[in-house]
Amino acid sequence: MSTGSAAPTIPPLIEARRLTKHFAMRQGYLRRAASTVRAVDDVSFAAYRGETLGVVGESGCGKSTTARLLLHLVAPDSGEVSFDGMVVGATGPSLREFRRQAQMVFQDSHSSLNPRLTVEDTIAFGPIVHGRSRAEARRMAQRLLSDVGLPPVQFASRYPHELSGGQRQRVNIARALVFEPKLVVFDEAVSALDKSVEAQILALIRGLKARLGLTYVFISHDLNVVQFVSDRVMVMYLGKIVEIGPAAGIYRAPQHPYTRALLASRPTMDPTRRTKAAPLEGDPPNPIDPPSGCRFRTRCPLAMPICSQLEPPLDPVAREIGHMVACHAASKVAVSEPLRA
Amino acid sequence: MRAEYWSSALGRLRGDPLTVAFAVLILAIFGSALLAPWIAPFDPSAGSALRRLAPIGTQDHWLGTDELGRDMVSRLLHGGRISLTLGVLPVLLALLIGGTLGIAAGFIGGHTNAVIMRTMDVFYAFPSVLLAIGLSGVLGAGPRNLIVAVTAVLTPQIARVAESVTTQVRSFGFVEAARASGAGTALIIRYHVLRNVLGPILVFATSLVSVSMIISAGLNFLGFGVQPPTPDWGLMLNTLRQSIWINPEVAVLPGLMIFLTSFCFSQLSDSLRSALDVKLQ
């Protein structure tokens with residue numbers, strides 16, 4: 001199983017195997033499936049206990065769908081998710097139990113909070129669902145509010161519209177943590193925030209992880225944020241993983257031309273190194289009808305004839321443990337001598 | 001946590017003097033209609049050829065008499081019993097049926113939505129009065145069938161409002177977040193959907209009370225509902241219209257009652273709207 005393990009001896013906390021989700025675009029009077037958007041296509045990866053796995057990619061590359069598939073908020077067309085070594089829903093934990101242990105923090109802090117529930121009630125809803133008494137759920141909510149830096153005396157009875165964006169995102173985090181989950185998926189959780197607020201929330205997220213021993217999957221289009229929080233990074237392009245590996249390795253020596261282009265497109269603080277031209281031309285191709293072979297080849301500076309014929313497998317990178325790349329042009333170890341993964 | 005939201009809304013309603021005034025007025029109208037048999041000075045169907053079309057302020061008949069010499073006060077009081085029932089009951093029934101169907105359609109979506117809403121559209125295809133006349137004609141005359149007919153007219157309207165607000169709410173992240181916390185459909189609807197859709201649906205339904213009264217009045221006039229000499233504001237308005245030139249101030253009285261009741265209801269629906277909106281506080 002090629003899941004890009006950083007430390008092969010530790011079993012993964014959550015593992016996605018060959019997840020695929022195609023959305024049918026229905027058209028016409030009879031709503032026939034006219035075409036399919038291949039949002040996530042045969043994606044396998046794992047997140048290990050205690051780490052933060054960053055997921056980056058352009059908008060529309062399937063990051064959010066991957067997150068939703070991982071948490072079973074969207075049913076996959078094929079593939080499965082194991083949690084703690086057991087397949088969710090089948091041999092392993094029930095969906096309900098799984099949802100207590102794996103939580104999500106959503107991007108839009110505004111629409112993800114019910115405008116007609118007070119902050120306290122929003123957080124207390126989860127425990128009530130799982131059979132806690134109202135009073136106990138409230139106590140839990142108040143404790144969590146202080147944990148995320150919102151004193152309950154001041155904030156418990158406020159409605160979402162009375163909070164700032166950063167405060168709302170703190171409530172979202174508290175809601176996710178009220179179950180004492182093992183895994184938290186952040187879907188663009190800081191993308192909508194001001195830079196200064198973003199830094200505060202990131203600090204909070206990191207602090208909570210250390211204190212509560214959490215495992216994170218952190219989705220963002222912001223490469224700097226992902227570098228700041230992640231132990232390992234997964235790069236997606238058009239519903240596929242193109243590169244996965246230790247954050248340090250990926251940021252130091254990106255193997256895939258797409259990763260390289262992404263990193264080159266980062267704005268720099270150094271005035272002598274201005275970004276002159278966009279490293280990539282054009283938009284990503286339509287996921288309805290992705291290019292044959294390697295999906296990146298239409299924009300790739302290194303495209304070769306083989307790229308249009310054969311889809312590059314996700315293979316280990318030479319000399320770097322746990323770093324894998326899906327590119328014909330990248331220097332990889334020969335398939336005959338794989339790094340034991 | 002559920003009770004608090006509604007009780008705080010009720011508290012806000014009570015705090016607004018204008019709302020309280022309209023509520024008291026509506027209660028007075030309903031109360032007097034309810035107590036009509038005991039407080040009406042005369043028998044509403046006992047006329048007198050000698051006292052026809054007495055003007056307002058006549059001794060014993062201080063709101064005058066109608067074209068058959070029947071006491072207007074008594075007739076207005078008794079008429080309220082039927083008019084208010086025909087105004088409110090169809091709305092309540094439509095709220096229950098249309099609201100449930102609309103919320104279900106909006107929340108479930110997909111084929112269920114298509115089946116429910118396209119069925120509603122069939123009713124929508126006819127002008128409401130025509131549909132009510134048709135249904136009354138098929139079902140036969142009588143107040144009960146009239147209620148059924150008016151309910152059938154109002155149900156698709158409420159269903160459509162319910163469906164559109166529910167569809168909107170369903171797409172919000174907090175519904176997905178609730179699902180992510182392991183909640184089932186029933187709990188999600190109770191805590192997250194109803195709280196956000198019931199306000200707009202109630203406000204719309206309140207505004208339909210006057211529509212319901214007017215449609216019912218029309219149907220009564222056409223002979224599908226209650227029959228003369230039973231007093232009903234709509235019916236009275238229609239029979240008195242012949243005396244509009246002789247005694248206009250008496251002739252408009254039933255219309256005034258319909259207007260007053262409708263007006264109170266729309267004012268209340270406005271107050272309800274702002275009371276239910278936590279953002280306005």
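Tutor: Two strands pair if DSSP finds at least two bridges between them. Helices (H or I, at least four residues) and strands (E, at least two) are DSSP runs, numbered from the N terminus. This is a predicted model, in which local features need pLDDT of at least 70, side-chain atom pairs count only at pLDDT 80 or more, and totals for chains, interfaces and linings use all residues. Residues are numbered from 1 along each chain as its sequence is written, with chains lettered from A and ligands numbered from 1 in the order in which they are written.

Student: Which residue of S7(A) is the bridge partner of A:Val105?

Tutor: Strand S6 (residues 102–105) of chain A is joined to S7(A) by 4 bridges, and the two run parallel. Within S7(A), the residue bridged to A:Val105 is A:Phe186.

Student: Which residue in S8(A) does A:Val185 stand opposite?

Tutor: S7(A) also pairs with strand S8 (residues 215–219) of chain A, in the parallel sense over 5 bridges. Helix H7 (residues 195–212) of chain A joins these two strands in a right-handed β-α-β unit; right-handed means that, with the strands pointing away from the viewer, the path from the first strand over the helix to the second runs clockwise. In S8(A), the residue opposite A:Val185 is A:Val217.

Student: Which residues of S7(A) are buried on the two sides?

Tutor: A residue is buried if 20 or more other C-beta atoms, placed from the backbone, lie within 10 Å of its own (exposed if 12 or fewer, partly exposed in between). In a regular strand the side chains alternate between the two faces of the sheet. Strand S7 (residues 183–187) of chain A has 5 of its 5 residues buried. One side holds A:Leu183, A:Val185 and A:Asp187, the other A:Val184 and A:Phe186.

Student: Which helices do the buried residues of H10(B) pack against?

Tutor: Helix H10 (residues 233–240) of chain B has 6 of its 8 residues buried, among them B:Trp233 and B:Leu240. Contact requires C-beta atoms, placed from the backbone, within 7 Å. The partners, in chain B, are H4 (72–108), H9 (185–221), H11 (248–251) and H12 (253–276).

Student: How many residues does H8(B) give to the side of chain B that touches chain A?

Tutor: The contact takes 25 residues from chain A and 20 residues from chain B. On the chain B side, the elements giving two or more residues are helix H8 (173–180) and H9. The largest share comes from H8(B): 7 residues.

Student: What are the ipTM and pTM scores of the model?

Tutor: Chain B has a mean pLDDT (the predictor's confidence in each residue, from 0 to 100) of 85. For the model, ipTM is 0.77 and pTM is 0.79.

Definitions and conventions: Contact = placed C-beta atoms within 7 Å.
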